[in-house]
Each structure stands twice: as structure tokens, then as C-alpha cells.
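Colleague: I would like a close look at a single part of this model. Please take one helix pair and walk me through how the two pack.

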Amino acid sequence: MTQTASIWLIILAALVAANLPFMNERWLVAGPVAPAHRKPLWGRLAELVLLYFVVGGLALLLERRAGQIYPQGWEFYAITATLFLTLAFPGFVWRYLTKHRSR
């Protein structure tokens with residue numbers, strides 16, 4: 001896999017993973033459905049943090065395959081976390097700021 005393809009794979013994985021907690025009512029995407037079909041916000045945020053680390057692990061794996069891993073400081077993690085939150089904005093808007101039909 002080329003380095004460009006790896007970068008686009010990480011960006012796409014981050015976009016999908018950042019929106020998954022807001023798009024379904026299952027715990028950890030494939031687990032049981034939340035009681036009363038409503039996951040609390042803290043549960044969605046916990047899933048968001050977990051998926052941030054999963055995507056980070058995928059990025060680390062691809063970087064290791066490409067060559068030597070460059071050491072990162074706290075600034076890198078602060079920027080990637082805010083980028084991940086920015087990518088989660090469409091899912092948040094869909095879940096909490098749009099009207100949904102009654103079931």
C-alpha cells in the first residue's frame with residue numbers, strides 16, 4: 001500500500017469512526033441495543049474516545065509498516081483529538097440538532 005493510500009485510509013476510517021456513536025443505538029457498534037433505544041450522551045462520548053484510540057492504533061500500524069515511527073509530543077495528540085471531534089460534528093448534528101419522526 002502506498003503512503004498516499006494509507007493516509008486516505010486513515011482519514012476515511014476517522015470520518016466513519018467519529019460518526020458511528022451518533023448513528024446507531026447499539027453499544028460499541030455491534031453490541032446490544034441500549035435500553036429504551038436511547039444511549040446517553042456520556043456513552044456516546046465514551047465510544048468516541050475508544051474509537052479515537054482504535055483509529056490511532058490503525059494509523060500507528062500503517063506508519064510502522066511504512067518505516068520508522070516518528071516520536072510525537074502532546075501537541076500532536078491534542079490536534080488529532082480536535083480533528084476527530086470536528087469529524088464527529090455531522091453525526092452530532094444529526095443526532096441532537098435535527099428533528100426525527102416519532103417511531
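Modeller: What follows covers one helix pair, the core beside it and the loop that joins the two helices.

This is a predicted model. The pair is H2, residues 41-66, and H3, residues 74-87. Their axes lie 11 Å apart, at an angle of about 120°. That angle is over 115 but not over 145 degrees, so H2 and H3 are oblique to each other. The crossing of H2 past H3 is right-handed. Which residues make the contact? H2 supplies Leu48, Leu51, Tyr52 and Val55. H3 supplies Tyr77, Thr80, Ala81, Phe84 and Leu85. By type, eight of these residues are nonpolar, one is polar and none is charged.

Now the core. The largest nonpolar core has 12 residues. Among them are Leu48, Leu51, Tyr52, Val55 and Phe84, along with Ile10, Ala14, Ala17 and Ala18. Helix H1, residues 3-23, and H2 are the elements that give two or more residues to this core. Phe84 deserves its own look. Setting aside neighbours within four places in sequence, Phe84 touches Leu48, Leu51, Tyr52 and Val55. Phe84 also contacts Ala14, Ala17 and Ala18.

Last, the loop. Tyr70 sits between H2 and H3. Is Tyr70 buried or exposed? Its relative accessibility is 59%, so Tyr70 counts as exposed. Leu60 is 10 residues from Tyr70 in sequence. In space, their C-alpha atoms are 9.9 Å apart.

Conventions
Residues numbered from 1 in each chain as written. Predicted model: local features only at pLDDT ≥ 70, side-chain atom pairs only at ≥ 80, totals over all residues. Heavy atoms only, no water. Axes fitted to C-alpha atoms, helices over the stretch in contact; angles between N-to-C directions. Helix = DSSP H or I, 4+ residues; strand = E, 2+ residues; numbered from the N terminus. Parallel < 35°, antiparallel > 145°, perpendicular 65-115°, else oblique. Left-handed = near helix turned anticlockwise from the far one by under 90°. Contact = heavy atoms within 4.5 Å. Nonpolar A, V, L, I, M, F, W, Y, C, P; charged D, E, K, R; others polar. Core = buried A, V, L, I, M, F, W, Y, C linked by side-chain atoms within 4.5 Å. Buried < 20%, exposed > 50% of the residue type's maximum accessible area, 1.4 Å probe, protein only.
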